[in-house]
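I sat down with my coffee and opened the notebook for a new model. Here is what I looked up, in the order I went.

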Amino acid sequence: MDRHPQNDWQSIHYDPRFDEYWIAAGSARQCLFFCPWCGVPLPESKRDRWFDELEALGYPDPLFDNVPAIYRTSEWWTRCAVTEKGS
Ligand SMILES: [Zn+2]
């Protein structure tokens, strides 16, 4: 997805928290499951896991709560891979 020059004008947005690609649909987000240019499947959304982990940490409404900084970026799901590499 990142390598397509067609997306230089940012028609498709990326949310690193959920590892999701999306386009604006009115005031809502329409998630994409396949690359619109080459058709490869996009990464599986981590949205459910994001909510599960934050609720387990005591944030019942994570979209509005002041969640830890790592949960505002891709860090919360990339750090696991880093840990596994080191062990
Ligand atoms: Zn593509």
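I began with the fold elements of this predicted model, and I found two helices and three strands in the protein. Reading from the N terminus, I wrote their order down as β-β-β-α-α.

Next I looked up the overall dimensions. Along the principal axes, the C-alpha atoms fill a box of roughly 40 × 35 × 20 Å.

How many of the residues count as buried? I got 7% of the 87 residues of the protein.

Then I turned to contacts. I took those between residues at least 6 apart in sequence, and 38% of them join residues at least 24 apart.

I also checked the UniProt record. Its unreviewed entry lists residues 11-78 as "domain: DUF6980". Over residues 11-78 I read 21% helix and 21% strand for the chain, with the end C-alpha atoms 25 Å apart.

My last stop was one residue, Asp19. Where does Asp19 lie? I found Asp19 in the loop between strand 1 (13-15) and strand 2 (20-25).

The backbone there made me pause. Asp19 is not a glycine, yet its phi is positive, about 55°. As a reminder to myself, most residues other than glycine have a negative phi.

Is Asp19 buried, exposed or partly exposed? I noted Asp19 as partly exposed because it has 18 C-beta neighbours inside 10 Å, and a residue needs 20 or more to count as buried, while 12 or fewer would make it exposed.

Note on methods
Residues are numbered from 1 along each chain as its sequence is written. This is a predicted model: local features need pLDDT of at least 70, side-chain atom pairs count only at pLDDT 80 or more; totals for chains, interfaces and linings use all residues. Helices (H or I, at least four residues) and strands (E, at least two) are DSSP runs, numbered from the N terminus. UniProt positions are given in the numbering used here, feature names are shortened, and annotations may be inferred rather than shown by experiment. Two residues are in contact if their C-beta atoms, placed from the backbone, lie within 7 Å.
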